[in-house]
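Colleague: I have the sequence and the coordinates open side by side, and I would like to go through the packing of the side chains with you. Could we take the aromatic rings, then the cores, and then the charged residues?

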Amino acid sequence: MKNRTALITGASRGLGLSIAKHFATCGARVAMNYAHNNKDASLALETVSNLGTAALFKADAMKKRSAQKLVEKVTKKMGPVDILVINATPTQRNCRIDQYDDKDFQSMMDAFLMSPHYLTNAVMQSMKKRSYGRIIHVTSEVFYEGGAHLSAYASAKGAQLGYLRSSAMELAPFGITVNGVAPGWIPVECHAKVPEASFEAYRKTIPVGRLGKGEDVATAIAYFASEAASFVTGQSLIVNGGRHLL
């Protein structure tokens, strides 16, 4: 990825930060997007900058104009976006089907269908002109496995996968690949209050016998972002230690 500009949404913590760190070690110019927490973002930038070239870009990537402005700012400061990693995610409300309201479903669709659409639109014209682009969606094992009390989230992730596959077909003739990585439940900062027993119960369902790490997801995404994956598009790689096989 040397000399490539990579835009990663939701990069100030969690999986996004793991991806940013790995991309920096691979030589990419890392554009780290975040939406709210300036303190977390500053600390993340310091970490990634120690590994390579990085810069912060504050923007709500789930809004159309904001997504467009984000790409414009990245292009001006770091060069045209070669690699787009769509990772940002809002808080999900987990509840029974009869407890969800329209706003719950709409918020998930905004995050996982409309935001990827806005971001794809913002980068693809430049990618087409250069006959090169890598777009990687962070999806989820939940779509493949289902999950009680997650119908809004799982439905939107399914829509995201459909968009991924359709855009991959449309953009392939222009040298742009579109792929996805579907992580399992990987402990990150937002899970700080989750009881250890919950993680242990989940771990027991993983054939490889351990919880996943951010690096597991980052390396999978790095493959799709690399030159080695130029003949791979429209795929979604499940990174969950084999749980989908059960």
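**Rings, cores and charges**

Modeller: Please keep in mind that this is a predicted model. As a start, Trp185, Phe199 and Tyr202 are linked into a cluster by ring pairs.

Colleague: How many aromatic pairs does a search of the whole structure find?

Modeller: The search covers the whole structure and is not limited to one region. The number of aromatic pairs it finds is six.

Colleague: Which kind of pair do the rings of tyrosine 100 and phenylalanine 105 form?

Modeller: Tyrosine 100 is buried, since its relative accessible area is 10%, while phenylalanine 105 is partly exposed at 32%. Their ring centres are 5.4 Å apart and their planes meet at 65°. Planes over 60 degrees apart count as edge-to-face, and therefore this pair is edge-to-face.

Colleague: Tyrosine 223 and phenylalanine 224 also form an aromatic pair; which residue of that pair is buried?

Modeller: The pair is tilted, with 5.4 Å from centre to centre and 50° between the planes. Tyrosine 223 has 36% relative accessibility and so counts as partly exposed. A residue is buried when its relative accessible area is under 20%, and with a value of 4% the buried residue is phenylalanine 224.

Colleague: Turning to the largest nonpolar core, which element gives the most to it?

Modeller: This core has 29 residues, and Phe23, Val30, Met32, Val85 and Ile221 are the ones that touch the most other members. Elements that give two or more residues to the core include helix H1 (14-25), strand S2 (29-34) and strand S5 (133-138), as well as H8. With seven residues, the element that gives the most is H8.

Colleague: How many residues are in the second, separate core?

Modeller: Leaving aside neighbours within four places in sequence, methionine 32 is in contact with several residues, including Ile8, Leu17, Val48 and Phe57. Phe57 is itself included in the second core, as are Ala59, Met124 and Ile135. The size of that second core is 27 residues.

Colleague: Over which ring does the charged end of arginine 4 sit?

Modeller: A comparable arrangement is that of lysine 157, which lies over the face of phenylalanine 112 at 3.9 Å from the ring centre. For arginine 4, the charged end is 3.7 Å from the centre of the ring, and that ring belongs to tyrosine 132.

Colleague: Is lysine 204 buried or exposed?

Modeller: Lysine 204 is found in the loop between helix H7 (196-203) and helix H8 (214-225). Because its relative accessibility is 64%, lysine 204 counts as exposed.

Technical notes:
Residues numbered from 1 in each chain as written. Predicted model: local features only at pLDDT ≥ 70, side-chain atom pairs only at ≥ 80, totals over all residues. Heavy atoms only, no water. Helix = DSSP H or I, 4+ residues; strand = E, 2+ residues; numbered from the N terminus. Buried < 20%, exposed > 50% of the residue type's maximum accessible area, 1.4 Å probe, protein only. Core = buried A, V, L, I, M, F, W, Y, C linked by side-chain atoms within 4.5 Å. Contact = heavy atoms within 4.5 Å. Phe/Tyr/Trp six-rings, centres within 6.5 Å; stacked < 30°, edge-to-face > 60°. Lys NZ or Arg CZ within 6 Å of the ring centre and 35° of its normal.
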